[in-house]
Amino acid sequence: MMSMLAGASLIYGPGMLDSGLIMDPALLVADADIIAMLKYSQKGLPVNDDALCLDVIKEVGIKGEYLSSPHTFQYFKTEQSVPKMMVRDSRDDWEANGSLNMYDHSIAKAKEILAETPKEIVPLAVRQEINALITECEVDWKD
């Protein structure tokens, strides 16, 4: 986390256990959720008249609440990190939904992802060309 907050653009190790000898798909999903929250925090906070909302602060005062403010309602869904795997329900709701923790949610999501038909990211012609280059290099290295 500290390296990312310092500006690193590469995160090494999501999903890895035992110094990378083992890969855990559920841990990868959980790590991706944490990384998304870190990336959200890395983008920083806007500092402008609308974001500072000094007029709302003056209107509400020190004894008021901001939850019913139209300004809060306008921004509350976009101005916070919303994790997908981490559970933020109330304890009662969490228990009613099976008391699953973040790792349990991540296991289910990893199984869902692995069950999907993989999307073709690299076209067949490019994959064939890459495989031909690998084969050529393997032959050259054997000599």
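Q: Where do Glu95 and Arg91 lie, and how many residues apart are they?
A: In this predicted model, both sit in helix 6 (residues 91-96). They are four residues apart, about one turn of the helix.

Q: What makes the contact between Glu95 and Arg91 a salt bridge?
A: The N to O distance between their side chains is 3.1 Å. The cut-off is a side-chain nitrogen of Lys or Arg within 4 Å of a carboxyl oxygen of Asp or Glu, so this pair qualifies.

Q: Why is Arg91 called exposed?
A: Its relative accessible area is 58%, and exposed means over 50%, so Arg91 makes the cut.

Q: And why does Glu95 count as partly exposed?
A: Glu95 comes in at 39% relative accessibility. Buried is under 20% and exposed is over 50%, so Glu95 falls in between.

Q: How many salt bridges does the structure hold?
A: There are three. Besides Glu95 with Arg91, Glu112 meets Lys109, and Glu120 pairs with Arg127.

Q: How do you know that Glu112 and Lys109 are separated by about one helical turn?
A: Just count along helix 7: they are three residues apart there, which means about one turn. Their side chains meet at 3.2 Å, N to O. Glu112 has a relative accessible area of 44% and Lys109 has 29%, so each counts as partly exposed.

Q: What makes Glu120 and Arg127 a salt bridge?
A: Their closest N and O atoms are 3.8 Å apart. The limit is within 4 Å, so the pair counts. Glu120 is exposed at 58% relative accessibility, while Arg127 is partly exposed at 33%.

Q: How do you know that the span of helix 2 agrees with its number of residues?
A: Helix 2 (residues 25-42) has 18 residues, and at 1.5 Å a residue it should span 26 Å. Its end C-alpha atoms are 25 Å apart, which agrees.

Q: What caps the N-terminal end of helix 2?
A: That's Asp24: one of its side-chain oxygens lies 3.0 Å from the backbone nitrogen of Ala26. After the helix comes Gly44, with a positive phi near 85°.

Q: What do the buried residues of helix 2 pack against?
A: They pack against helix 1 (2-5) and helix 7 (102-115). Among these buried residues are Val29, Ile35 and Leu38.

Q: Which residues make the nonpolar surface patch of about 460 Å²?
A: Val47, Leu52, Leu54, Ile57 and Tyr66 make it. Leu52, from helix 3 (residues 49-52), has 40% relative accessibility, so it counts as partly exposed.

Technical notes:
Residues numbered from 1 in each chain as written. Predicted model: local features only at pLDDT ≥ 70, side-chain atom pairs only at ≥ 80, totals over all residues. Heavy atoms only, no water. Helix = DSSP H or I, 4+ residues; strand = E, 2+ residues; numbered from the N terminus. Expected span 1.5 Å × (residues − 1). Buried < 20%, exposed > 50% of the residue type's maximum accessible area, 1.4 Å probe, protein only. Contact = heavy atoms within 4.5 Å. Polar contact = N/O pair within 3.5 Å; in protein donor to acceptor, adjacent residues only side chain to side chain. Patch = residues over 30% accessible without salt bridge, like charges linked within 9 Å, V, L, I, M, F, W, Y side chains within 5 Å. Areas by Shrake-Rupley, 256 points an atom, 1.4 Å probe, with all protein chains shown as cover.
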